[in-house]
Amino acid sequence: YRKVKEANTISTLQEIELEMIEEYFDFLINDTEITENLTVNKVLQALYLNIEGHITLEEICENINISVAYASASFKKHKGTSVMKYLRQLKIQRAKDLLDKNEKTMLEISLLLGFHDQSHFTKTFKSLVGMSPTEYKNKSNNI
């Protein structure tokens with residue numbers, strides 16, 4: 001963000017854009033899980049690509065051209081949980097990263113990650129982490 005603000009030419013902005021894209025793809029390649037099942041890999045890729053925002057299992061399956069039933073069964077068999085539970089876990093892990101960085105408010109994080117509202121985000125966070133986002137943020141800031 002600092003580089004963008006300091007850029008004074010279009011070519012500089014384009015270079016920054018390419019750097020950001022490269023970093024993003026490195027993140028996807030290095031941090032996305034790989035399984036022995038192609039269907040599960042496609043679903044995982046869709047989950048990681050859509051971690052910020054709101055997407056349904058139906059949309060994921062439509063985009064990768066498989067049935068919801070098949071995707072659900074394959075994912076459950078190989079990952080031991082449902083697709084949407086897994087996505088919630090990814091979103092909460094991303095929320096923890098954002099909270100650790102102190103760059104965004106709770107509302108901004110909840111909206112960025114596709115939660116309907118801050119209350120829904122807080123409830124989901126607490127059910128998975130065992131404490132509210134505020135408690136987590138306070139705890140991580142005191143370390």
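The legends below describe close-up views of a predicted model.

**Figure 1. The whole chain is built from helices, with 9 helices and 0 strands.**
Read along the sequence, the pattern is α-α-α-α-α-α-α-α-α. The protein has 143 residues, and buried residues make up 34% of them. Among contacts between residues at least 6 apart in sequence, 53% join residues at least 24 apart.

**Figure 2. The largest nonpolar core holds 18 residues.**
Which residues touch the most other members of this core? They are Val43, Leu47, Phe75 and Tyr86. Two or more residues come from each of helix H3 (38–49), helix H4 (57–64), helix H5 (68–79) and helix H6 (83–101). H3 gives the most to the core, with 6 residues. Another core lies apart from this one and has 12 residues, including Ile92, Leu98, Met131 and Tyr136.

**Figure 3. Phe75 and Tyr86 form one of the aromatic pairs of the structure.**
The structure holds 4 aromatic pairs. In the pair of Phe75 and Tyr86, the ring centres are 5.3 Å apart and the planes stand at 75°. Planes over 60 degrees apart count as edge-to-face, so this pair is edge-to-face. Phe75 is in helix H5 and Tyr86 is in helix H6, and the pair links distant parts of the chain, 11 residues apart. Are the two residues buried or exposed? Buried means under 20% relative accessible area. Phe75 has 0% relative accessibility, so Phe75 counts as buried. Tyr86 has a relative accessible area of 9%, so Tyr86 is buried as well. Both residues also appear in Figure 2, among the core residues that touch the most other members.

**Figure 4. Phe125 and Tyr136 form an edge-to-face aromatic pair.**
Their rings are 5.7 Å apart, centre to centre, with 65° between the planes. Phe125 belongs to helix H8 (residues 118–129), and Tyr136 belongs to helix H9 (residues 133–141). The two residues are 11 residues apart, and their pair links distant parts of the chain. Phe125 is buried, because its relative accessible area is 0%. Tyr136 has a relative accessible area of 15% and is therefore buried. Ring pairs link both residues with Phe115 and Phe121 into a cluster. Tyr136 is also one of the 12 residues in the core that lies apart from the largest one.

**Figure 5. The second largest pocket has a volume of about 200 Å³.**
Which residues line this pocket? The lining consists of His54, Ile55, Thr56, Met84, Leu87, Arg88, Lys91, Leu113, Gly114, Phe115, His116 and His120. Helix H6 gives the most to the lining, with 4 residues. By class, the lining has 5 nonpolar, 5 polar and 2 charged residues. Phe115, one of the lining residues, is also part of the ring cluster in Figure 4.

**Figure 6. Leu90 lies in helix H6.**
Leu90 has 11% relative accessibility and so counts as buried. Which residues is Leu90 in contact with, leaving aside its neighbours within four places in sequence? They are Leu47, Tyr48 and Ile51. Leu47 is also one of the residues that touch the most other members of the largest nonpolar core. Leu90 and Ile51 are 39 residues apart along the chain, while their C-alpha atoms are separated by 7.0 Å.

**Figure 7. Asn65 is in the loop between H4 and H5.**
What is the phi of Asn65? Phi is near 60°, a positive value in a residue other than glycine. Exposed means over 50% relative accessible area. Asn65 has a relative accessible area of 69%, so Asn65 is exposed.

**Figure 8. Ala69 is found in helix H5.**
Is Ala69 buried or exposed? Its relative accessible area is 59%, and Ala69 is therefore exposed. Phe75, shown in Figure 3, is also in helix H5, but Phe75 is buried. How far apart in space are Ala69 and Glu58? They are 9.8 Å apart, C-alpha to C-alpha, and 11 residues apart in sequence.

How values were computed:
Residues are numbered from 1 along each chain as its sequence is written. This is a predicted model: local features need pLDDT of at least 70, side-chain atom pairs count only at pLDDT 80 or more; totals for chains, interfaces and linings use all residues. Side-chain values use heavy atoms; hydrogens and water are left out. A nonpolar core is a set of buried Ala, Val, Leu, Ile, Met, Phe, Trp, Tyr and Cys residues joined through side-chain atoms within 4.5 Å. Buried means under 20% relative accessible area, exposed over 50%, partly exposed in between (1.4 Å probe, protein chains only). On a 1 Å grid over the protein atoms alone, a cavity is a set of points where a 1.4 Å probe fits but cannot get out, and a pocket is an open set with protein on both sides within 12 Å along at least five of seven lines; lining residues have an atom within 4 Å of a point. Grid points are joined across faces, edges and corners, and a volume is the space filled by probe spheres set on the points. Ala, Val, Leu, Ile, Met, Phe, Trp, Tyr, Cys and Pro count as nonpolar, Asp, Glu, Lys and Arg as charged, and the others, Gly among them, as polar. Rings of Phe, Tyr and Trp (its six-membered ring) pair if their centres lie within 6.5 Å; planes under 30 degrees apart count as stacked, over 60 as edge-to-face and the rest as tilted. Contact means heavy atoms within 4.5 Å.
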